[in-house]
Amino acid sequence: MVDPTPFLDALARAGLRLTAPRRALAQLIADQAGHFSAADLVAESQARSLGIGRATIFRTLDALSGLGVVERIDLPSGEHAYVGCAPTHHHHVVCSRCGRTAQIDDAGLRTVVREVAQRTGYRVDEHKLELFGLCPACLPAAPFPLQRPA
Ligand SMILES: [Zn+2]
Ligand SMILES: [Zn+2]
Ligand SMILES: [Zn+2]
């Protein structure tokens, strides 16, 4: 079990009562190893008989993403998913196979943004960046891209 405290704190800060279903949902979100959808949470809550209503799941997810501790990411497939994260500016590197994510900061990216601003004459106010690939756990299982039949 992963510590659900950041999600509970965020809900409390937003003035939401920490009801039993919301506590169970915070734990469910904390336990997600990779990205997840609202439908995943509904299905898992039903499978584990957690007694969290659909409406609670949708509304609480909305509240958590408004608070920045859950973030919606666009997958290369065109689908959307959520990830739990720290409420500071960051980016995600996402595993295309298992959905695990890691957070990265802007180190190195600032230079790129500055160069783009210089080259285009734009003042860049915001950026969004998500990186997709294979995580260290999935990498050994991946077929070697340049492998040829012997
Ligand atoms: Zn994030
Ligand atoms: Zn992976
Ligand atoms: Zn950034």
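Read along the sequence, the protein chain runs α-α-α-α-β-β-β-β-α-β. That adds up to five helices and five strands. The model is a predicted one, and its overall build is a good place to start. The radius of gyration comes out at 18 Å, well over the 15 Å that the globule rule gives for 150 residues, so the chain is more spread out than a compact globule. Along its principal axes, the C-alpha trace covers about 55 × 50 × 25 Å.

How much of the protein chain is tucked away? Of its 150 residues, 29% count as buried. The chain exposes about 9,800 Å², with carbon and sulfur atoms supplying 55% of that area. As for contacts with a separation of 6 or more, 46% of them come from residues 24 or more positions apart.

Then there is the metal site. The zinc ion (ligand 2) is held by four protein donors, the SG atoms of C95, C98, C135 and C138, which lie 2.2 to 2.4 Å from it. The angles among these four donor atoms are 106 to 114°, and the site is tetrahedral. For comparison, the ideal angle for four tetrahedral donors is 109.5 degrees.

In sequence, the donor residues of the zinc ion (ligand 2) follow the spacing C-x2-C-x36-C-x2-C. Distant parts of the chain are linked here: C95 belongs to strand β3 (residues 91–95), while C135 sits in the segment after β5 (130–133), 40 residues apart. Are these two cysteines, C95 and C135, buried or exposed? Both C95 and C135 are buried.

Note on methods:
Residues are numbered from 1 along each chain as its sequence is written. Chains are lettered from A and ligands numbered from 1 in the order in which they are written. This is a predicted model: local features need pLDDT of at least 70, side-chain atom pairs count only at pLDDT 80 or more; totals for chains, interfaces and linings use all residues. Side-chain values use heavy atoms; hydrogens and water are left out. Donors are N, O and S atoms within 2.8 Å of the metal (3.2 Å for Na, K and Ca); water is not among the atoms, so sites may look incomplete. Four donors count as tetrahedral if all angles lie between 85 and 135 degrees; four count as square planar and six as octahedral if opposite donors are over 155 degrees apart and all others between 65 and 115; anything else is irregular. Helices (H or I, at least four residues) and strands (E, at least two) are DSSP runs, numbered from the N terminus. Buried means under 20% relative accessible area, exposed over 50%, partly exposed in between (1.4 Å probe, protein chains only). The radius of gyration is taken over C-alpha atoms; the globule rule is 2.2 Å times the number of residues to the power 0.38. Contact means heavy atoms within 4.5 Å. Accessible areas come from the Shrake-Rupley method with a 1.4 Å probe; for residues, only the protein chains shown count as cover.
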